[in-house]
Amino acid sequence: MASDFAIFIGEMMRRPTEVVAIAPSSAAVARRMTDGLEQVKGPIVEIGPGTGSFTKAILERGVAPERLTLMEMNPRFCETLREKFPGVTVLNRPAQEIEKIGLRDIGAVISGVPVLARPQIQRDVVGRAFRVMAKDGFFTQITYSSNAPISSDMQAELGLRAEKRATVWANLPPARVFSFYRAGH
C-alpha cells in the first residue's frame, strides 16, 4: 500500500482545489485535536479526514470504530480510509450533508475542513453540525491562523463560543487547535 504522504501528494496534485493543506497533519496535532474524546458519549464525526492522521488518533483514544463516522469528498482518500480503519463508517459525502447522514446527539466533530474566512462554509458546516449535536457536544477545528477560524460575529450568529486548545509547532505549517461550544456550555 502506498504511504499516506504519497497518496496525499498525489491527490493534492490531481485535486488542488480539494486538498488545500501542504502536508498531512502531524501526530502532535492529531493528539491535540482528539484531546478529551475518551469522555465523549454518542457518535463522533470526523469531516475532511484526508489520509486519516486524526482518525488514527481518535481510535487510539479508545473510541470504538463503530462510533466513528468519516465524511470525505475525495474518493481515493475514502478508499484508503476504508482499508486502514475497518469498522469505521466512511462516507464519500461533503461535510455540508452532516444533517442527512442519520446521526443525532453527536458528541464531537473533528474537522480538517478549511473554514477560515469562508462564512458560507462556516454556516453550512459548523452551523449544521451543531443542529445534530448533543447539547454538550463540541466542534474541534485545525487552523493555520493565530486567530479563531470562525470570527466573533459568526460565533455570535451561530450561538457559539471558541476555546483555543493549543498551538502545535511540530507541524508543517505550525497549527492551532480551537474547539467551539454552544454559548451556554
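A: Let's start with pairing: two strands pair if DSSP finds at least two bridges between them. Helices (H or I, at least four residues) and strands (E, at least two) are themselves DSSP runs, numbered from the N terminus. Keep in mind that this is a predicted model, where local features need pLDDT of at least 70, side-chain atom pairs count only at pLDDT 80 or more, and totals for chains, interfaces and linings use all residues. Residues are numbered from 1 along each chain as its sequence is written, and side-chain values use heavy atoms, with hydrogens and water left out.

Q: Okay, how many helices and strands does the protein chain have?

A: You'll find 6 helices and 7 strands. Reading from the N terminus, their order is α-α-β-α-β-α-β-β-α-β-α-β-β.

Q: In which sense does strand E4 pair with E5?

A: E4 (residues 106-111) runs parallel to E5, with 5 bridges. Look for Ile110, which sits opposite Thr140 in E5.

Q: And in which sense do E5 and E7 pair?

A: Antiparallel, again over 5 bridges, with E7 covering residues 175-182. Here Phe139 faces Phe180 in E7.

Q: Is E5 mostly covered or mostly open?

A: Buried means under 20% relative accessible area, exposed over 50%, and partly exposed in between (1.4 Å probe, protein chains only). E5 spans residues 133-143, and 9 of its 11 residues are buried, so by that definition the strand is mostly covered.

Q: What percentage of the protein chain's residues count as buried?

A: That's 48% of the 185 residues.

Q: What about contacts between residues far along the sequence?

A: A contact means heavy atoms within 4.5 Å. Among contacts in the protein chain between residues at least 6 apart in sequence, 66% join residues at least 24 apart.
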